[in-house]
Amino acid sequence: MSKVPAPKKLSTENLDFYYGAFQALHGITLDFQENLITALIGPSGCGKSTFIRTLNRMHETVKGTRLTGQILLDGKDILKEDVNAVRLKVGMVFQKSNPFPKTIFENVAYGLRVNGFQGGKAAIQEVVEKSLVKAALWEEVKDKLHQSAFGLSGGQQQRLCIARALAVEPEVLLLDEPCSALDPIATAKIEDLLFALKSETTIVIVTHNMQQAARVSDFTGFFLLGMMIEFNTTNTIFQNPTKKETEDYVTGRFG
Amino acid sequence: MKPSSTFKNLVNYTMFAVTGLCTLIAVGILFFILGYLVYNGGKSLSLSFFTNLPAPVGEIGGGMANAIVGSGKVLLLATLIGIPIGFLGGVYLSEYSTQQIAFTIRYITDLLNGVPSIVIGIVIYTVVVHPMGHFSTFAGGVALGVMMIPISVRSTEEFLHAVPQSLREAALALGAPKWKSIVTVVIPAAMRGIISGTMLALARVAGETAPLLFTALGNQFWSPGWNQPSATLPVMIFTYAVAPYEDWHRQAWAAGFVLLTLVLLINITARLALSRGTYVSRG
């Protein structure tokens, strides 16, 4: 594996994860480089979604789970820090768009409001606009900011969820199969916006879609049965994988 | 041998007829009661029914203004007691409790819901009326409030449960502490349902008579404040219906009509609120 010059932003060390007695992740050790996009691929049930949910401690919302190992953000173990502060730094976008039953504006402003944002009304407006611009949604919604978010299409809703996550300026953005419910056009918009976000955010994306991983990511990790089989530059994973399982998967022989 | 197709058709038609008839009876009862009340109550109803005090025995006419106001006060107090407790209990049940505890609480609230209302009346008589030394609006409100608690707990819990888990996760993922995510996202998303559940609970206890017999008792006059015996519509209906006077029977019908209209109005408002509050998203 080639050495990479970019500094590591987020990493896991020997991560084991259990749902009750069932071990879902086996000793995952992985580095995510700053301001790059890392894709996690693998067949359904391989643990990639479980893994990404540990990176901002969302796994703690599920009862009866247990995690051992370390998750380091800038070298500090997030498991030992305040969970809300961790989630503020490590944002997340979910598989199915989940806007709040509020207006478009209030959806984006939510993160600021619950975290006691000190700026006034104008400052909040500025952040909302900036976030919607970043999420490539501003032009489509600027005239209906105070209408319900439920009036938006599926693709727009997912971009709204990205804008909402960006409003609190996360250092890392986790995306758990963000395009699985979207059509190719909406998917392309989201992929474009990931490229644009890369310069300021470290991005981790779980995807079912191998073409998507190949298109958007700099690094790719291949998961199988709760283990990280292979991790390398995306080019290497797709064109010259070391492991037989990886090759079988990326060439479409199974999965 | 296979049953012939004529036989199968016969069974089919019989089942259709029998089930249809029973449905008709079930629905018809409401309309029968309604019709009967409109017929008997409507013709006894007049403006003075809403504005006057009950007439002394022997005199024709009079109204039940005091009972209407009394019922309103008792129900207001019941709501103030039953809904906050029921609502917050429902929030705990849905958002905080573990599965085993939730199961136990649900079971207990169902049991409380099943306690005969007359028993609740006796208990409130013992713990409120007896120490205070007299019947009162307050005691009546407490009795009905206690009856509202289990209904409110369960309906709050149900509507909170219907809020998608993904909304809770979205709030938490933005760094919101759990209590804030509940207050700012989960409860607002379920609010219409919770309000309509509250109204249904109110409608459910509005016609209760037995617990009021031991608590608010009754009164032929106005009952100022919360500390004196008070007339209420259900108890008035009871008192007037069993009295030997023809005119009182007419008054009882009118009271029944007013009470039923009130309960139906609350019910319909609640259903309307609910039908517009379903959680729908295009995405």
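Begin by selecting strand β1 (residues 8-19) of chain A together with strand β4 (residues 65-73) of chain A, which pair in the antiparallel sense over eight bridges. Strands here are DSSP runs of E with at least two residues, helices are runs of H or I with at least four residues, and both are numbered from the N terminus; two strands count as paired if DSSP finds at least two bridges between them. The model is predicted, so local features need pLDDT of at least 70 and side-chain atom pairs count only at pLDDT 80 or more, while totals for chains, interfaces and linings use all residues. Residues are numbered from 1 along each chain as its sequence is written, and chains are lettered from A and ligands numbered from 1 in the order in which they are written.

**Along the sheet of chain A**

Within the β1 and β4 pair, show F17(A), whose bridge partner in β4(A) is L67(A), and then D16(A), which stands opposite T68(A) in β4(A). Next, extend the selection to β5(A), which pairs with β4(A) in the antiparallel sense over two bridges; here L73(A) stands opposite K76(A). The hairpin of β4(A) and β5(A) has two residues between the strands, and D74(A) takes a positive phi near 50° in this hairpin.

Adding β2 gives an open sheet of four strands in chain A, with the order β2-β1-β4-β5 and antiparallel pairing. Because β2 (22-33) and β5 (76-77) of chain A stand at the edges with a single partner strand each, one side of each is left without a neighbour in the sheet.

**Chain A as a whole**

With all of chain A displayed, there are ten helices and ten strands to find, and the C-alpha atoms fill a box of roughly 55 × 40 × 35 Å, taken along the principal axes. The radius of gyration of chain A, taken over C-alpha atoms, is 18 Å, which agrees with the value near 18 Å for a compact globule of 255 residues, where the globule rule is 2.2 Å times the number of residues to the power 0.38.

**Across to chain B**

Now select the interface, where 25 residues of chain A are in contact with 21 residues of chain B, contact meaning that C-beta atoms, placed from the backbone, lie within 7 Å. On the side of chain A that touches chain B, the elements giving two or more residues are α2 (83-89), β6 (90-93), α3 (104-114) and α6 (154-166) of chain A.

Chain B has eleven helices and zero strands, and its C-alpha atoms fill a box of roughly 70 × 65 × 35 Å along the principal axes. Its radius of gyration is 24 Å, whereas a compact globule of 283 residues would have one near 19 Å.

**Two helices of chain B**

Select helix α6 (residues 137-161) of chain B, whose 25 residues reach 35 Å from first C-alpha to last, close to the 36 Å expected at 1.5 Å a residue; the expected span is 1.5 Å times one less than the number of residues. A kink of about 30° lies at M148(B), shortly before the proline P150(B), the bend at a residue being the angle between axes fitted to the seven residues ending there and the seven starting there.

Finish at helix α8 (residues 178-206) of chain B, which spans only 36 Å between its end C-alpha atoms, although a straight helix of 29 residues would span 42 Å at 1.5 Å a residue. Centre the view on M191(B), where α8(B) bends by about 60°.

Technical notes: Contact = placed C-beta atoms within 7 Å.
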